[in-house]
Amino acid sequence: MNNSLSSSEKQELMINVKSLEEENRRLKEQLSGYAIIFERSLDAIIIFDKNGEFIEVNEAACHLFEMEKEELIGKRFQLFLDLVPPDILMFQQSMLQKFGSFSDELLIKLRDGKIKHIEFSMKKDAFNCFDLAIMRDISARKALERERIINEFLFKDVFNRAVDSIVIFDEFGRFIDVNPAFCMSLNLEKEKLLHLSFQQFVARQCKDDFVQLLVELKEKGTAKGELSFIRFDGTVKMFELTMTSNVYSGFYMAIMRDVTEKKNMEIKLQKSEERFRAIFEQAHEAILIWNDNGHIVNANPAASRTFELPLNLLVRRNLLDFIDYDEKVRHVLEQFRKMGEIRDELTFHMPNGEDKQLEFTMKQGVIDGYHLAIFRNVTERGKMEKELQESEQKFRSIFDHSMNGILLWGEGYRILDVNPIACDIFQTTKQQLLAESFIKCIPEKERKVFYKLIRQSEQSGEAYGEMTVLTKEGVQRMIEISLKKEIIAGVGMMMLRDVTEKKELEWQLRKSDTLNVVGELAAGIAHEIRNPMTALKGFIQLLQGSIKEDYSMYFNVIMSELKRIESIITEFLVLAKPQAVQYKQNDICKIMKDTIDLISAQAMMHSVQIIADFEEQLPPLYCEPNQLKQVFINILKNAIEVMPKGGDVHVRIRKLDSDYIRISVTDQGCGIPQDKIKKLGEPFYTTKERGTGLGLMVSYKIIEEHQGKIDVESEVGAGTTFHITLPIKRVETEYEEERVHSL
């Protein structure tokens with residue numbers, strides 16, 4: 001073969017061989033240089049196949065994945081991407097396929113669980129069918145960035161949420177940034193404050209202090225002080241502030257605390273201490289300050305007077321030196337230690353031998369850990385209280401046991417106190433009366449008169465009058481009232497006296513006197529009239545027989561009127577002298593039946609029906625039947641006469657109880673007003689046109705002699721009922737016994 005080549009071809013071949021050898025050497029040197037760069041690179045260089053397996057890695061890649069090269073070769077990159085979401089991986093792969101190269105960041109998880117943040121750059125088909133990736137560990141940088149972001153976030157959060165004011169300002173005091181607390185303190189919006197500076201708020205007296213703070217801040221980097229700010233509305237705010245330099249983009253920062261309330265409290269506290277000192281020195285009560293052992297450490301001048309010792313000697317004494325350490329003292333001290341304060345009274349022995357009753361208030365640890373005690377001499381007060389108590393007991397005894405009702409009132413006529421008699425009069429309890437206006441206790445119909453009494457008492461200081469009250473049983477009681485405007489300052493008194501019985505006795509006395517006068521008058525009139533009446537009657541009868549002309553009508557009228565005069569004279573004689581009566585047991589129902597029979601003809605003439613209703617088996621009544629019959633006739637006649645158009649008269653007889661029988665006569669007449677019922681039975685008082693009133697007067701007298709009583713119930717327009725109550729057994733009076741013996 002060599003023989004076939006020419007010399008020129010051999011020479012050219014040699015040149016080509018040398019050229020190839022030179023190119024090969026150059027390529028080896030270049031490849032060696034690339035290998036050195038590949039191995040020595042600080043960034044991880046990785047060659048992947050199409051399946052994402054590691055084909056070649058450099059030393060930096062081994063450090064990045066913390067694995068030996070032999071372990072790393074052949075592993076898939078996918079094994080380290082557990083923390084990367086699938087959609088992110090798909091996005092990155094699509095970008096690599098589309099552009100052939102791609103750069104981004106990833107989180108890789110190593111086999112020991114360590115997580116690294118990497119920055120990578122990939123090139124597709126960098127070496128034939130192999131992909132090239134260059135990776136750099138940026139975990140530290142990312143950590144720093146996160147820390148910076150967190151710090152900035154925390155600073156902003158603290159800046160905005162801080163209770164204290166925070167101000168960022170420049171070297172001239174102009175506001176660069178302020179937090180909401182500062183805006184609230186100065187009552188201005190942030191946008192307005194950012195155009196202002198410290199100098200526009202610092203009080204005039206603090207200008208030099210602010211300049212000194214700025215000088216100190218520039219020299220030392222920090223400064224502390226206090227400043228007074230004057231807000232635009234004229235109010236003053238006081239701040240404690242700490243300044244720091246170069247904390248935020250070369251600016252200064254001031255943290256300011258609003259101490260306005262604190263300073264005001266300090267001023268108030270100082271004034272309070274001054275006031276306390278003045279009170280302590282000038283107080284009328286004795287004030288002692290003492291320690292746990294009872295030793296007096298301070299005292300005021302009043303204490304010196306109370307304990308009868310000069311101040312310099314009093315502060316050397318022990319509080320227990322002045323008292324007997326008995327059971328009560330031990331109890332007081334135990335309560336004081338337990339509760340921290342106490343109020344009580346004890347007897348204290350003075351150095352001069354005098355004993356004083358002192359009221360005291362003690363409180364633990366109120367002045368620098370020492371205890372405070374305030375004393376008041378109540379010796380005289382105790383005596384006065386005892387005397388007052390005794391006086392009050394006397395007053396209360398008189399007040400409660402008085403025979404008259406007593407009512408005390410205060411402002412607005414509010415009842416302050418009432419005694420039992422007053423409660424009985426007003427038919428209520430003391431609890432219901434207290435704090436009420438006593439005017440509410442007065443019956444409606446009596447209030448007009450009562451207001452006059454009040455006005456009279458307001459003008460003259462006292463007033464007197466009477467009023468009528470109704471008991472729960474419906475009985476009227478007459479009450480005498482005496483008003484005193486002020487028995488003591490602000491307290492009025494009303495005296496109440498039940499004078500019903502007194503008024504009744506007075507009325508009975510007047511009635512008795514009237515009856516006596518009427519009796520004497522009746523005896524004289526009856527005696528003087530009866531004699532001429534007898535003569536007139538006889539001569540008229542003679543004339544009637546001798547005159548032939550028919551004058552019978554005139555004679556009848558004359559004889560009728562003479563009989564009426566004779567009837568009146570007979571009634572006079574009943575009043576004039578005691579009748580010769582003989583009491584014996586009689587059937588009251590029979591007496592009433594006989595009376596109804598006698599008067600039934602008159603009833604029929606007036607279209608009146610008498611309806612009798614008698615209880616069966618009534619006991620016999622000890623009475624004088626003729627007199628009772630006269631009473632029944634009078635009452636029944638009155639009942640018939642008050643019903644000119646007719647009607648019913650009900651007569652009922654019932655046993656009231658074991659001792660009394662009640663006879664009730666009820667008509668359907670026009671009724672009698674309440675104010676006239678009481679006058680029934682008085683001489684010459686009648687509700688009829690031609691009546692004399694003597695019939696009821698005689699009836700009342702007969703029932704009274706039978707030891708009974710007559711009660712009248714009436715309603716105007718409805719009718720009247722006469723109740724006659726008679727005893728079943730009669731009690732003989734001294735007068736009757738004497739009359740029986742004389743017979």
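Let's start with one pairing: in strand β5, the residue bridged to Ile 46 is Ala 133. Please keep in mind that this is a predicted model. Ile 46 and Ala 133 are bridge partners within a longer pairing, in which β1, residues 44-48, and β5, residues 130-137, run antiparallel and are joined by five bridges.

Now let's zoom out to the sheet around them. Five strands make up this open sheet, in the order β2-β1-β5-β4-β3, with antiparallel pairing. Which strands stand at the edges? They are β2, residues 54-57, and β3; each has a single partner strand, so one side of each has no neighbour in the sheet. From one strand to the next, the twist averages 30°. As a general reminder, strands of a sheet pair through backbone hydrogen bonds, in either a parallel or an antiparallel way.

There is a helix to find here too. Helix α4, residues 86-99, lies across β3 and β4, and runs at about 155° to β3.

While we are at β3 and β4, let me show you a salt bridge. Arg 111 pairs with Glu 71, and their closest N and O atoms are 3.2 Å apart. Arg 111 sits in the loop between β3 (101-109) and β4 (115-127), while Glu 71 belongs to helix α3, residues 69-72; the two are 40 residues apart, so this pair links distant parts of the chain. Are these two buried or exposed? Arg 111 counts as exposed, at 57% relative accessibility, and Glu 71 is partly exposed, with a relative accessible area of 33%.

There is also a network of salt bridges to look up, linking Glu 66, Lys 114 and Lys 116.

Let's move along the chain to another sheet. This one is also open and has five strands, in the order β12-β11-β15-β14-β13, again with antiparallel pairing. At its edges stand β12 (296-299) and β13 (341-349); each of them has a single partner strand, so one side of each is left without a neighbour in the sheet. On average, neighbouring strands here are turned by 30° against each other, ignoring direction.

If you want a pairing to click on, try β11, residues 286-290. Three bridges join β11 to β12, and the two run antiparallel. One residue to pick out is Trp 290, whose bridge partner in β12 is Ile 296.

Which helices lie across this sheet? One is α9, which lies across β11, β12 and β14 (355-367) and runs at about 90° to β12. Another is α12, residues 327-339, which lies across β11, β13, β14 and β15 (370-377), at about 155° to β13.

Helix α9 also takes part in a salt bridge. The side chains of Glu 240 and Lys 262 meet at 3.5 Å, N to O. Glu 240 is in strand β9, residues 236-248, and Lys 262 is in helix α9, residues 260-282, so the pair ties together parts that are 22 residues apart in sequence. Glu 240 is partly exposed, with a relative accessible area of 27%, and Lys 262 is partly exposed as well, at 42%.

For a contrast, here is a pair inside one helix. Lys 590 and Asp 594 form a salt bridge at 3.2 Å, N to O. Both are in helix α19, residues 588-605, and because they are four residues apart, about one helical turn separates them. Asp 594 counts as partly exposed, at 25% relative accessibility.

How many salt bridges does the structure hold? The count is 30. And how many disulfides? Zero. In general, a disulfide is a covalent bond between the sulfur atoms of two cysteines. There are cysteines to look at, though. Cys 183 is buried, with a relative accessible area of 10%, whereas Cys 670 counts as exposed, at 53%.

Finally, the whole protein. It has 23 helices and 27 strands. Of its 743 residues, 36% count as buried. The protein exposes about 46,800 Å², and 54% of that comes from carbon and sulfur atoms. As for contacts with a separation of 6 or more, residues 24 or more positions apart account for 47% of them.

So, when you open the predicted model, you could begin with Ile 46 and Ala 133 and then trace the strand order β2-β1-β5-β4-β3. Thanks for listening!

How values were computed. Residues are numbered from 1 along each chain as its sequence is written. This is a predicted model: local features need pLDDT of at least 70, side-chain atom pairs count only at pLDDT 80 or more; totals for chains, interfaces and linings use all residues. Side-chain values use heavy atoms; hydrogens and water are left out. A disulfide is a pair of cysteine sulfur atoms within 2.5 Å. Buried means under 20% relative accessible area, exposed over 50%, partly exposed in between (1.4 Å probe, protein chains only). A salt bridge is a side-chain nitrogen of Lys or Arg within 4 Å of a carboxyl oxygen of Asp or Glu. Contact means heavy atoms within 4.5 Å. Accessible areas come from the Shrake-Rupley method with a 1.4 Å probe; for residues, only the protein chains shown count as cover. Two strands pair if DSSP finds at least two bridges between them. Axes are lines fitted to C-alpha atoms, for helices over the stretch in contact, and angles run from 0 to 180 degrees between N-to-C directions.
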